[in-house]
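Let's take a friendly walk through this model, starting with how far it can be trusted and moving on to a few individual residues.

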Amino acid sequence: MKNKLLLIASFLIVFSRTANAQTEADTTVRLFKSGMAIYAELGLLPNNKAIRDQLTQLGVKPFEGLMGSIVLARRTESEKWFSEGRIIIMNSTNYTTDKNVKKAYLSGIGIGTDGGPKLVNTSRWNVMIPLGVDLMLYRLNIKSNGNATIGQVINNPSSFQAVKLFTPNVNIHGGLGVDYKMNLFPKVNDKVYLSGKVTYHQPLLGKRKWKGENVTISDLPSLKVNQVYVQVGFVVFPKPHDKKWGKMH
């Protein structure tokens, strides 16, 4: 009899622990929701007049003063907090069709994260304080964009090679974010946000020299990205699709 009671008690303890673990897992799933986001991020480059002026003096058409980025992110949030992992693809290129004119193409790529508390969370609005850091690598590509014969290219190939310079930095940022909650495609989406942020970015590594292959440029001004950025996009939380066992006949 004692053995049966011990066996029943052991079974109840194991079942209770399993149920509690499942409840905790379900609670975690309910507390934190995950979705995907895509943003357009825009900022001016007013601090880079020196580098743009020097390029002009060297006969190179400089990159634009407007910088645009596509940001792909994974959003995770609860009732009081949010976080995002970011992939940043940045470009500030002067797209013109001028021939036989040297032009500077500025681009960048990076990864980062931001997150923070939600000051407001209602059925329609989130108001947040995003704080984060980005690891960025910038590239300055100078091309001649010229026309030439195959003989000219073969006899003088160096004249037609693009100049590629790189500079890295670590940027911290902080600001204010707002989500407007929309009921778009409710059959497939749990939530959809129209999201916007205004943040100020500040490089941590200071002035970084431009570097090419086996060379460091001594006199070209460093890239300055400390400025205000405006970010607008959509955040989508798809409905979970749980696997269900079909009925056995």
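The report below covers confidence, then one strand residue, then two loop residues.

**Confidence**

This is a predicted model, and the protein averages a pLDDT of 83, with 82% of the residues scoring at least 70. Where does confidence drop to its lowest? That is helix α1 (residues 2-31), at a mean of 46, while strand β6 (residues 125-128) has the highest value, 97. Over residues 11-16 the pLDDT is below 50, and this stretch has 0 contacts in the model beyond near neighbours in sequence. Residues 18-29 also stay under 50 in pLDDT, and for them the model has 0 contacts beyond four places in sequence.

**A residue in strand β8**

Thr167 sits in strand β8 (residues 163-182). Is Thr167 buried or exposed? Its relative accessibility is 3%, so Thr167 counts as buried, the cut-off being under 20%. Leaving aside residues up to four places away in sequence, Thr167 touches Met136, Leu137, Tyr138, Arg208, Lys209, Trp210 and Leu223.

**Two loop residues with positive phi**

Phe185 lies in the loop between β8 and β9 (189-203), and Asn214 in the loop between β10 (211-212) and β11 (215-216). Phe185 is not a glycine, yet its phi is positive; Asn214, not a glycine either, has a positive phi as well. Their values are set out here.

| Residue | Phi | Relative accessible area |
|---|---|---|
| Phe185 | about 50° | 60%, exposed |
| Asn214 | about 65° | 79%, exposed |

Phe185 and Asn214 count as exposed because their relative accessible areas, 60% and 79%, are over 50%.

Definitions and conventions: Residues numbered from 1 in each chain as written. Predicted model: local features only at pLDDT ≥ 70, side-chain atom pairs only at ≥ 80, totals over all residues. Heavy atoms only, no water. pLDDT = per-residue confidence, 0-100. Helix = DSSP H or I, 4+ residues; strand = E, 2+ residues; numbered from the N terminus. Contact = heavy atoms within 4.5 Å. Buried < 20%, exposed > 50% of the residue type's maximum accessible area, 1.4 Å probe, protein only.
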